[in-house]
Amino acid sequence: MYYFLEGTGAAVDPAAGGVGGFMPLIMIVAMIAIFYFFMYRPQKKQEKETNNMRNNLTVGDEITTIGGIIGKIVSIKDETVVIETTGSSTKIRILKSAVRNVDVHAEDAD
């Protein structure tokens, strides 16, 4: 049994479909794999490294916050960090999640 595609004059045999029916499914699986390997996986890896850095903060580390404040860690509590920002001992209490990166580790400063 043949079906004619309207407007094209081409005959299509549904029984001879074979591989053509699986092509959209293969493309969807390929797009999901590409999304996973190029977007989701690197983002999770970076999140893991950032959380590891924030959990390993020590007193004496020089840090930069997400707001651009640079200071030295004076004390650490559960979820907060107190940093000293200037020579006149200005202290600011911030959340650990506000730490962007560690510029100088305490053991490297000595």
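These legends go with close-up views of a predicted model.

**View 1. The whole chain, with two helices and seven strands.**
Start here to get your bearings. Going along the sequence, the elements come in the order β-β-α-β-β-β-β-β-α. The protein has 110 residues, and 17% of them count as buried. About 8600 Å² of surface is exposed, with carbon and sulfur atoms supplying 60% of that area. As for contacts, take those between residues at least 6 apart in sequence: 32% of them join residues at least 24 apart.

**View 2. Helix 1 and its kink at Tyr36.**
Helix 1 runs through residues 23–55, which makes 33 residues. From its first C-alpha to its last it reaches 47 Å, close to the 48 Å expected at 1.5 Å a residue. Still, helix 1 has a kink of about 40°, and Tyr36 sits at the centre of it.

**View 3. A nonpolar patch on the surface, with Ile34 and Tyr36 among its members.**
Eight names to look for here: Met31, Ile34, Phe35, Tyr36, Phe37, Phe38, Met39 and Tyr40 make up a nonpolar surface patch of about 900 Å². Tyr36 is also where the kink in helix 1 is centred. Zoom in on Ile34, another residue of helix 1. Its relative accessible area is 45%, so Ile34 is classed as partly exposed.

**View 4. Lys44 and Glu47, a salt bridge in helix 1.**
Side chains of opposite charge can pair when their charged atoms come close. In this view, Lys44 forms a salt bridge with Glu47, and the closest N and O atoms are 3.7 Å apart. That falls inside the 4 Å cut-off for a salt bridge. The two residues are three apart in helix 1, so about one helical turn separates Lys44 from Glu47. An α-helix has 3.6 residues a turn, so residues three or four places apart point the same way. Both partners are partly exposed: Lys44 has a relative accessibility of 39%, and Glu47 has 37%. If you go hunting for others, a search of the whole structure turns up one salt bridge.

**View 5. Thr80, a buried residue of strand 5.**
Strand 5 covers residues 80–84, and Thr80 belongs to it. Thr80 counts as buried because its relative accessibility is 14%, and the cut-off for buried is under 20%. Leaving aside residues up to four places away in sequence, Thr80 touches Arg93, Ile94, Leu95 and Lys96.

Conventions
Residues numbered from 1 in each chain as written. Predicted model: local features only at pLDDT ≥ 70, side-chain atom pairs only at ≥ 80, totals over all residues. Heavy atoms only, no water. Helix = DSSP H or I, 4+ residues; strand = E, 2+ residues; numbered from the N terminus. Expected span 1.5 Å × (residues − 1). Bend = angle between axes of the 7 residues up to and from the residue. Patch = residues over 30% accessible without salt bridge, like charges linked within 9 Å, V, L, I, M, F, W, Y side chains within 5 Å. Areas by Shrake-Rupley, 256 points an atom, 1.4 Å probe, with all protein chains shown as cover. Salt bridge = Lys/Arg side-chain N within 4 Å of Asp/Glu carboxyl O. Buried < 20%, exposed > 50% of the residue type's maximum accessible area, 1.4 Å probe, protein only. Contact = heavy atoms within 4.5 Å.
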